[in-house]
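Trainee: I am new to this structure and would like a close look at a single part of it. Please choose one helix, describe its setting with care, and then relate that part to the rest of the chain.

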Amino acid sequence: MAGTLYTYPENFRAYKVLIAAQYSGAAVKEASEFVFGETNRSDAFLAKFPLGKVPAFETKDGKYLTESNAIAYYVANEQLRGTSDFYRAEVQSFVSFADNELLPAVQSWVFPVIGIVPYNKNNVERAKEDLRRGLAVLNARLLKQTFLVGERVTLADVVVFTTLLHAYEHVLDPSFRAPFSAVTRWFSTIQNQPQVKAVVKAFTLCAKIAQVDPKKYAEFQAKLGGGSAPAADKPEKKKEKKEKKPAAEEPAEQPDAAEELLAAEPKQNDPFETLPKGTFNFDDFKRFYSNEEEAKSIPYFWTKFDPANYSIWYGEYKYPEELTKVFMSCNLITGMFQRLDKMRKQSFASVCLFGEDNNSTISGIWVWRGQDLAFKLSPDWQVDYEVYDWKKLDPASEETKKLVAQYFSWTGADKDGRKFNQGKIFK
């Protein structure tokens, strides 16, 4: 499976191949001297890949492949391709769904707002509705299972994830994605897989829909210097009265320059730094909690807690009817913790699952710096919080002290009598 991948930086189609290689262990290297618009128009390149499109793949023994889905399939392993005839067919079904149903809608909405193509209101509105329909199909599927096919990641997940990447980055803000919570949880689960993070290294979920700015299109064209855009390995759906262009000049594949400009915007390092510091030391409490029994660590918490600058919250998952297998419910908790990794320094939580398969709830006690809902401090922290009901607790009340004792010690039952099953600590 070893070979060389020709592509330009941050090509979502190439991500399919690189992620598949991470899972399979295939020795895939990117061509370090590849320059789009030059290398792919050279006689040597065209002799191997006559269409001049990327991504393109050259095997170690001198064979050539084009089309990102085909290359990803070649470098994948059996698990990614599907472990049975039916699973393999399902994988191919989702690959086609991504290319034919999701991708045209994503590109028709995203490309105008990031300045790659001119804005056309009718096209964008139609794309929004098309994408809603596609996400609804995925959501219905993912309400019942963690991954799209079977019990583990397959090429179905990889291809659909990379196809939706630009949408989740630029236009799918919290309000648009709210009806599709199962899709967003799945997307974030895939995003946080080590094999995916090794490839998609800088990604932030959209907090606000990017607005159309005609200047962006003019600036993008100027940045290209009048040159042609990269060729896609599969063109968009045909549009009426579209001028014919050579395959290597299709506009569907040059988000990289515009995205580089967007990525250059400064990012806040620690959103908690804007809040008063107070006296409660999370590191000190976390060490004590980890090393001592709850009979000591819970009183220690109340001795050290600073109610003027820190707050205690109760969070309860809104959709218990979605919770089926206990292990899948625990994956929801773990996935949320992973996505909130940068919150750990100034927060602590004990989240518990009560009940059993097909009859369970998720709830927890959270402590963080500040008096307001901490998730609103950063777009990066807003993936999961909307699927929970949040209630600020009074640290002076006996009810709060009982809840803290229950959740910190993993005991008792939920409000409907379901017994404690297992818990996870965010620290």
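Mentor: The account below begins with the chain as a whole, turns to one helix, and then follows its surroundings outward.

The model is predicted. Its chain has an average pLDDT of 87, and 88% of the residues score at least 70. The stretch of residues 226-268 has a pLDDT below 50, although in the model it has 86 contacts beyond near neighbours in sequence. Where pLDDT is low, the predicted coordinates should not be read in detail. The chain holds 16 helices and nine strands. Of its 427 residues, 52% are buried. Among contacts between residues at least 6 apart in sequence, 74% join residues at least 24 apart.

The part chosen for the close look is helix α15, which covers residues 326-339. Its 14 residues should span 20 Å at 1.5 Å a residue, and the C-alpha atoms at its ends are 20 Å apart, so the two values agree. Because 10 of these 14 residues are buried, α15 is largely enclosed by the rest of the structure. The buried residues are Val326, Met328, Ser329, Cys330, Leu332, Ile333, Gly335, Met336, Phe337 and Arg339. What covers them includes helix α9 and the strands β5 (310-317), β6 (347-356), β7 (359-369), β8 (388-393) and β9 (420-426).

A residue in the loop after α9 offers a further link to this region. Glutamine 193 is found in the loop between α9 and α10 (194-197). With a relative accessible area of 19%, glutamine 193 counts as buried, because the cut-off is under 20%. Glutamine 193 and glutamine 338 are 145 residues apart in sequence, yet their C-alpha atoms are 9.7 Å apart in space.

Helix α9, one of the elements that cover α15, also packs against another helix. The axes of α6 (residues 121-142) and α9 (residues 181-191) come within 7 Å and cross at roughly 80°. The two helices are therefore roughly perpendicular to each other. On the α6 side, the contact is formed by Leu135, Leu138, Asn139 and Leu142, which meet Ser181, Ala182, Val183 and Trp186 of α9. By class, this contact has six nonpolar residues, two polar residues and no charged ones.

Another helix pair offers a contrast in angle. Helix α5 (residues 85-113) and helix α7 (residues 155-170) pack at an angle of about 10°, with their axes 9 Å apart. That angle makes α5 roughly parallel to α7. From α5, the contact draws on Val91, Phe94, Val95, Ala98, Leu102, Leu103, Val106 and Val110, while α7 supplies Leu155, Ala156, Val159, Val160, Thr163, Leu164, His166, Ala167 and His170. Sorted by class, the contact of α5 with α7 has 14 nonpolar, three polar and no charged residues.

Helix α1 (12-24) may be read in the manner used for α15. At 1.5 Å a residue its 13 residues should span 18 Å, and its end C-alpha atoms are 19 Å apart, which agrees. Since 11 of the 13 residues are buried, α1 is largely enclosed by the rest of the structure. Among the buried residues of α1 are Phe12, Arg13, Tyr15, Lys16 and Tyr23.

A buried position can also be considered singly. Serine 297 is found in helix α14 (residues 294-304) and is buried, with a relative accessible area of 0%. Leaving aside residues up to four places away in sequence, serine 297 touches Phe285, Phe288, Tyr289 and Glu292.

Finally, some loops deserve attention for their backbone geometry. Most residues other than glycine have a negative phi, and most peptide bonds are trans. Glutamate 10, in the loop between β1 (3-6) and α1, has a positive phi of about 60° although it is not a glycine. Glutamate 10 is partly exposed, with a relative accessible area of 38%. Glutamate 67 lies in the loop between β4 (64-66) and α3 (68-75), and its phi is positive at about 75°, although it is not a glycine. Its relative accessible area of 33% makes glutamate 67 partly exposed. A cis peptide bond joins valine 54 and proline 55, with omega about 5°. Proline 55 has its place in the loop between α2 (43-48) and β3 (56-59).

Technical notes. Residues numbered from 1 in each chain as written. Predicted model: local features only at pLDDT ≥ 70, side-chain atom pairs only at ≥ 80, totals over all residues. Heavy atoms only, no water. Axes fitted to C-alpha atoms, helices over the stretch in contact; angles between N-to-C directions. Helix = DSSP H or I, 4+ residues; strand = E, 2+ residues; numbered from the N terminus. Parallel < 35°, antiparallel > 145°, perpendicular 65-115°, else oblique. Contact = heavy atoms within 4.5 Å. Nonpolar A, V, L, I, M, F, W, Y, C, P; charged D, E, K, R; others polar. pLDDT = per-residue confidence, 0-100. Expected span 1.5 Å × (residues − 1). Buried < 20%, exposed > 50% of the residue type's maximum accessible area, 1.4 Å probe, protein only.
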